[in-house]
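This report describes a structure with the help of a few defined terms. The reader is invited to keep the sequence and the model in view while reading.

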Amino acid sequence: MRRGLLAVGAVFVAAGVLVAAQQAAPYRAPRGPDGKANLNGIWQALNEGDWDIEGHSAAPGRVMALGAEDAVVPGVGIVEGGPLPYLPAAAAKKKANYEKRLTADPAIKCYLPGVPRAMYLPQPFQIIQSQKHIMMAFQYAGAIRTIYMDEHTPAPADSWMGWSNGHWEGDTLVVDTTGFNDLSWFDRAGNFHSDELHVVERITPASPDHLNYEATIDDKKVFSRPWKMSMTLYRRKEKGARLLEFRCVEFVEDLIYGGLRKK
Amino acid sequence: MRHRAVASFSVLVAAIAAFTFATHVAGQAPTPAAKPAPAAGKKYVAPRTPDGQPDLQGYWTNSTYVPLERPDRVTKTYYTEQEFAAVIKDAAAREAEQTEPGTVADVHYDFTQFGLDRSQSAFVKSDLRTSLIVDPANGKMPPLTAEGQKRNADRAAERRRLGATTDAVQNMPIGTRCLIMAGSGPPMMNAGYNSNYQIVQGQGYVMILVEMIHDARIIPLDGKQATLPETMRQWMGDSRGHWDGDTLVIETTNLNGKNPFRGSSERMKVTERLWRVDANTLGYRFTIDDPATWTQPWTAEAPMTKSVGPIFEHACHEGNYGVRNTLAGARLEEKKAAEAAAKKTSN
């Protein structure tokens, strides 16, 4: 018995050493002028989460006329573990969302993307970092997140992009976001959330040009337990890298209001 | 926004009192219309960001009752305080008319009730100037070129050709459509309500968040970002910035011309200058250079006052019931009219 405990203890120690070895010499990010890790830059995810956050094979698109250009690009998914722990009613709703995704995906109407979807849309975003506020400006629809670093307050009302309070844990920016409405989706496949959504993101520099991104999703109305997604965010490095305007409202006006045009 | 409304009400009384002590803030600007800096004697030095830039950060508003152009009947550069009080009273009364029952404006949400209009804003600058334009000295935009006149006429003709604003969403003003608000800039002009801005300075960039439609202007400093080629055009153009002493200078070109400023062409170049006047005031001055439209460049000043945050999400397009209801209402009216006409014929 005692020997058994010792053996277990030895395994723990060994595991601890292993973990410590893996964590040895962690990357130390360049500092900003305020001494914090410097996250300024233009970033973009390079994954297929916007098609479907879960692993998925290639599939035909939603619009026949668009052929291969609208086809689903395959991806191993950005969700850790899986499948997503939908509650039974929510699983039915996800399925219904998928069936009507051509008309129901809010991104088709140029609506604000919500969080975390904004982070892995196939368009860049820019971080503008000050001590009090870390801004995330997204090319898609000109969406904006303000992360309040020193004035932590509850969300004053529900919104598309939520209400984000942030703090530093070492070089990791931890962002706690609540105050969402229930209108945005996680992807084009109809994965969704309610207004109970609570997102905790951990953003950690992994190299001068990479950020490790993790988000824990908690939504008691939709999921039976919290779950996590993770991905890498890449710095846009090419000459001329910048955000441009993707002011897409103009592109969807006939889609949304065309039926009300004077005949 | 709800927070701001509450805050606005709570300090409204103080603001009204402040009108009495109003001093204009354009005094320190290097402008032809400049007056000496107000008293004090010691020169204000802008605070610095951790990396040593002049710190322009915070929440600001350019809400004002001062019109861009000097009214025709006014010949002086500054009102007296009594004259200014009368101007404010008239303007506030006009805004209050929006709540008159049975008017089109009344169907809109009530600007006066929710602290949206200028008469409710504690932060409206107590500015005695009679126009924002400081050059030309008459406070008016310079004469249009022949090309500028023709373009205005062509645009008006095109609008008539398109038909009524209720015929199609594309006929409506771009602000109604939530594409961009006319005052979001550049240049940044007060919008009548929600004229709020948040400035955040990151490494190599200054961001100015315009509350209206959450438009973020991202201004690279000192050639941090390559300029766009002539062929690439954007609603807000292509801006680049640099520090001239403690003044942020922003130059913008490559506008797409779809949000013309007072009849401007897509060749307009806007040069904006932003600087700290004191703890509660940002100087803001812009020069419009558009030889295709005006016979000479012209310059205006629209100082910003420190406001309170936060700036809440302005999801304009997402909640745009106005466009849908307006179009649906017009189609219903047409249907009713057609039915009435058919009935008349059959009788």
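Helices (H or I, at least four residues) and strands (E, at least two) are DSSP runs, numbered from the N terminus. Residues are numbered from 1 along each chain as its sequence is written, and chains are lettered from A and ligands numbered from 1 in the order in which they are written. The model is predicted: local features need pLDDT of at least 70 and side-chain atom pairs count only at pLDDT 80 or more, whereas totals for chains, interfaces and linings use all residues.

**Loops with unusual backbone geometry**

Most residues other than glycine have a negative phi, and most peptide bonds are trans. Several places in chain B depart from this pattern, as the table shows.

| Residue or bond | Feature | Value |
|---|---|---|
| B:Asn254 | positive phi | near 60 degrees |
| B:Arg262 | positive phi | about 50 degrees |
| B:Gly185 to B:Pro186 | cis peptide bond, omega | near 0 degrees |
| B:Gly309 to B:Pro310 | cis peptide bond, omega | about -10 degrees |

B:Asn254 is found in the loop that runs between strand 7 (247-253) and strand 8 (269-278) of chain B. The loop between strand 7 and strand 8 of chain B is also the place of B:Arg262. A residue is buried if 20 or more other C-beta atoms lie within 10 Å of its own, exposed if 12 or fewer, and partly exposed in between, with C-beta atoms placed from the backbone. B:Asn254 has 19 C-beta neighbours inside 10 Å and therefore counts as partly exposed. B:Arg262 is likewise partly exposed, because 19 other C-beta atoms lie within 10 Å.

As for the cis bonds, B:Pro186 lies in the loop between helix 4 (146-162) and strand 3 (196-202) of chain B. B:Pro310 belongs to the loop between strand 11 (304-306) and helix 5 of chain B.

**Helix 5 of chain B**

Helix 5 of chain B covers residues 321-346, which is 26 residues. From its first C-alpha to its last it reaches 37 Å, close to the 38 Å expected at 1.5 Å a residue; the expected span is 1.5 Å times one less than the number of residues. This helix is hardly covered, for the count of buried residues among its 26 residues is one.

**The fold of chain A**

Chain A contains five helices and nine strands. Its C-alpha trace spans about 85 × 50 × 40 Å along the principal axes. Of its 263 residues, 35% are buried.

Two strands pair if DSSP finds at least two bridges between them. In chain A, nine strands close into a barrel in the order 1-2-3-4-5-6-7-8-9, with mixed pairing. Neighbouring strands of this sheet are turned by 30 degrees against each other on average, direction ignored; the axes are lines fitted to C-alpha atoms, for helices over the stretch in contact, and angles run from 0 to 180 degrees between N-to-C directions.

How is strand 4 of chain A paired with strand 3 of chain A, parallel or antiparallel? The two strands pair in the antiparallel sense over five bridges, and A:Ile134 has A:Ile147 as its bridge partner in strand 4 of chain A. Their hairpin has five residues between the strands, and A:Ala141 there takes a positive phi near 60 degrees. With strand 5 (residues 163-169) of chain A, strand 4 of chain A pairs in the parallel sense over two bridges. A:Ile147 has A:Ser164 as its bridge partner in strand 5 of chain A, and A:Tyr148 stands opposite A:Asn165 in that strand. Four of the five residues of strand 4 of chain A are buried, so this strand is largely enclosed by the rest of the structure.

**Where the chains meet**

Two residues are in contact if their C-beta atoms, placed from the backbone, lie within 7 Å. By this rule, 38 residues of chain A are in contact with 39 residues of chain B. On the side of chain A that touches chain B, the elements that give two or more residues are strand 2 (125-129), strand 3 (133-138), strand 4 (144-148) and helix 5 (249-257) of chain A. Helix 5 of chain A gives the most, with four residues.

**The largest nonpolar core**

A nonpolar core is a set of buried Ala, Val, Leu, Ile, Met, Phe, Trp, Tyr and Cys residues joined through C-beta atoms within 7 Å. The largest such core has 101 residues, and those that touch the most other members include A:Met135, B:Tyr197 and B:Leu209. Strand 4 (residues 205-210) of chain B gives the most to this core, with six residues. Not counting residues up to four places away in sequence, B:Leu209 touches A:Ile144, B:Tyr197, B:Gln198, B:Ala216 and B:Ile311.
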